[in-house]
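Work through the exercises below with the sequence and the model at hand. Each task is followed by a worked solution.

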Amino acid sequence: MTARLRILHLIDNTTPGSVMRVVEHISSSPALAQVAQQMVRVVGRGEVLPHCDADLVISHLTINWRSLPRVAFRAGHSAVPICHVEHSYTEAFTAHNVPFKARFFTLCCPLMRCSTGLLRSVRLRGAG
C-alpha cells in the first residue's frame, strides 16, 4: 500500500466566506481523499506557526505587515513545499475596491514579495 500524501492547510480566517468554502471544498474531495490525508490548522492572530509533519503545506493565511514574522516558518520546514493561496489581493479585488491603485501597489507589492519570497509557489485565486 502506498503511503498517502499529508497535506496541511493553514488558515487564520474562519468566518464563512471564500477561504472556508475553498478549504472545505478541497478537504472534502473524494478523489483527493484517495491519495492524501488533509489536515486543517487554525492559526490565531499573533500565534507562532507550529512545526508540522506534512508533505505539503498550503497557506491560506492573510498576508499583512503584522503577520510578516510568520515567514520564519519556512526556515523550520525547508524541505517541505509551501504553497500560498491568496484569497484577498486579487486582480478583481483591486479593480473593484482600490480607489488609489498607485498607493496600494506601493504598500502592497513589497509586502507580498517579502511574504511570498520564500514560498515555492503562489496562487492568486480569482485572478484570471
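**Exercise 1.** Decide whether I58 is buried or exposed.

*Solution.* The model is a predicted one. Step one: take the relative accessibility of I58, which is 14%. Step two: compare this value with the cut-off, since buried means under 20% relative accessible area. I58 therefore counts as buried. Step three: place the residue in the fold; I58 belongs to strand β3, which covers residues 56–59.

**Exercise 2.** Find what I58 touches beyond its neighbours in sequence.

*Solution.* Step one: set aside residues up to four places away in sequence. Step two: list what remains, namely I7, L8, H9, L10, C83 and V85. Step three: check one of these pairs. I58 and I7 lie 51 residues apart in sequence, yet their C-alpha atoms are 7.3 Å apart.

**Exercise 3.** Identify the contacts of L8 and the largest nonpolar core.

*Solution.* Step one: leave out neighbours within four places of L8; its contacts are then M39, R41, C52, A54, L56, V57 and I58. Step two: list the 11 residues of the largest nonpolar core, which are L8, L10, V43, L49, C52, A54, V57, L61, F73, V80 and I82. As background, nonpolar side chains in soluble globular proteins tend to be buried together.

**Exercise 4.** Describe the protein chain as a whole.

*Solution.* Step one: count the elements, five helices and five strands. Step two: read their order along the sequence, β-α-α-β-β-α-β-α-α-β. Step three: turn to burial; 34% of the 128 residues count as buried. Step four: among contacts with a separation of 6 or more, 75% join residues 24 or more positions apart.

Methods. Residues are numbered from 1 along each chain as its sequence is written. This is a predicted model: local features need pLDDT of at least 70, side-chain atom pairs count only at pLDDT 80 or more; totals for chains, interfaces and linings use all residues. Side-chain values use heavy atoms; hydrogens and water are left out. A nonpolar core is a set of buried Ala, Val, Leu, Ile, Met, Phe, Trp, Tyr and Cys residues joined through side-chain atoms within 4.5 Å. Buried means under 20% relative accessible area, exposed over 50%, partly exposed in between (1.4 Å probe, protein chains only). Contact means heavy atoms within 4.5 Å. Helices (H or I, at least four residues) and strands (E, at least two) are DSSP runs, numbered from the N terminus.
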